[in-house]
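Here is a short walk through a protein model, written for someone who likes to see the contacts behind the picture. Keep the viewer open as you read.

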Amino acid sequence: MTAEVFTPTVAVTMTPSAVKHVRKQLDKKPDAHGIRLAIKKSGCSGFKYETHWVDEPAADDRVFHIDGVDVFVKEEHLPLVNGIEIDFVTEGVNSMFQFRNPNATAECGCGESFTVV
């Protein structure tokens with residue numbers, strides 16, 4: 001009997017609106033290699049998303065190449081963001097990233113934090 005090695009696929013996607021926004025910002029930041037999607041413990045539901053520009057990739061980064069944009073995620077955060085779609089939306093005068101995480105089992109009322117079980 002032989003054993004097959006199975007490596008699960010991790011997915012991070014971006015909408016065209018998010019790609020356009022990140023590209024535009026990266027054009028203004030010649031030292032940046034892309035954007036980091038990070039997870040921090042916070043809020044009443046457990047975790048929150050943070051984004052940062054990446055000037056120097058880390059050894060434990062997984063890089064997702066999405067339509068010419070590199071999204072960096074630390075290996076330890078992959079289970080929390082697998083399948084996530086990053087969008088960039090404008091509501092009134094506010095523009096922001098919006099995260100659609102199919103694994104989020106709860107979100108706090110203000111929308112700042114989420115839970116993944």
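In this predicted model, Asn101 has a relative accessible area of 11%. Burial here means a value under 20%, so Asn101 counts as buried. Asn101 sits in the loop that links S7 to strand S8 (104–107). Its side chain has two polar partners to look at. One is the side chain of Tyr49, with a polar contact at 3.1 Å. The other is the backbone oxygen of Leu80, which the side chain of Asn101 reaches at 2.7 Å.

A second asparagine, Asn82, belongs to the loop between helix H2 (78–81) and S6. Is Asn82 buried or exposed, or something in between? With a relative accessible area of 27%, Asn82 is partly exposed, because that class covers values between 20% and 50%. Leaving aside residues up to four places away in sequence, Asn82 touches Thr9, Val10 and Ala11, as well as Asn101, Pro102 and Asn103. Asn82 and Asn101 are therefore in contact with one another. A polar atom of the Asn82 side chain also lies 2.9 Å from the backbone nitrogen of Ala11. Along the chain, Asn82 and Thr13 are 69 residues apart, yet their C-alpha atoms are separated by 9.6 Å.

Thr13 leads us into the sheet. Three strands form an open sheet in the order S1-S6-S7, and the pairing is mixed. Strand S1 (12–14) and strand S7 (94–100) each have a single partner strand, so they stand at the edges and one side of each is left without a neighbour in the sheet. On average, neighbouring strands of this sheet are turned by 25° against each other, direction ignored. S1 and strand S6 (residues 84–91) run parallel and are joined by three bridges; Thr13 stands opposite Glu85 in S6. Helix H1 (residues 16–27) packs on this sheet and touches S1, S6 and S7, with a direction about 75° from that of S6.

Elsewhere, S5 is paired with both S2 and S4. The table sets these two pairings beside the one between S1 and S6.

| Strands | Bridges | Direction |
|---|---|---|
| S1 and S6 | three | parallel |
| S2 (residues 34–42) and S5 (residues 69–74) | two | parallel |
| S4 (residues 61–66) and S5 | six | antiparallel |

Within these pairings, Arg36 has Phe72 in S5 as its bridge partner, while Phe64 is matched with Val71 in S5. S4 and S5 make a hairpin with two residues between them. One residue to inspect in that turn is Asp67, which has a positive phi of about 45°.

Finally, what does a search for enclosed space turn up? Across the whole structure, one cavity of 30 Å³ or more is found, and the largest cavity holds about 40 Å³ of space. Its lining is made up of Met14, Val22, Ile35, Arg36, Leu37, Thr51, Val71, Ile86, Phe97 and Phe99. Which elements give two or more residues to that lining? They are S2 and S7, and S2 supplies the largest share, three residues. Two names here are already familiar from the strand pairings: Arg36 and Val71 both line the largest cavity, with Arg36 bridged to Phe72 and Val71 bridged to Phe64.

Technical notes. Residues numbered from 1 in each chain as written. Predicted model: local features only at pLDDT ≥ 70, side-chain atom pairs only at ≥ 80, totals over all residues. Heavy atoms only, no water. Pairing = 2+ DSSP bridges. Helix = DSSP H or I, 4+ residues; strand = E, 2+ residues; numbered from the N terminus. Axes fitted to C-alpha atoms, helices over the stretch in contact; angles between N-to-C directions. Contact = heavy atoms within 4.5 Å. Buried < 20%, exposed > 50% of the residue type's maximum accessible area, 1.4 Å probe, protein only. Polar contact = N/O pair within 3.5 Å; in protein donor to acceptor, adjacent residues only side chain to side chain. 1 Å grid on protein atoms, 1.4 Å probe; cavity = no way out; pocket = protein on both sides within 12 Å on 5 of 7 lines; lining within 4 Å. Points joined across faces, edges and corners; volume = space filled by probe spheres on them.
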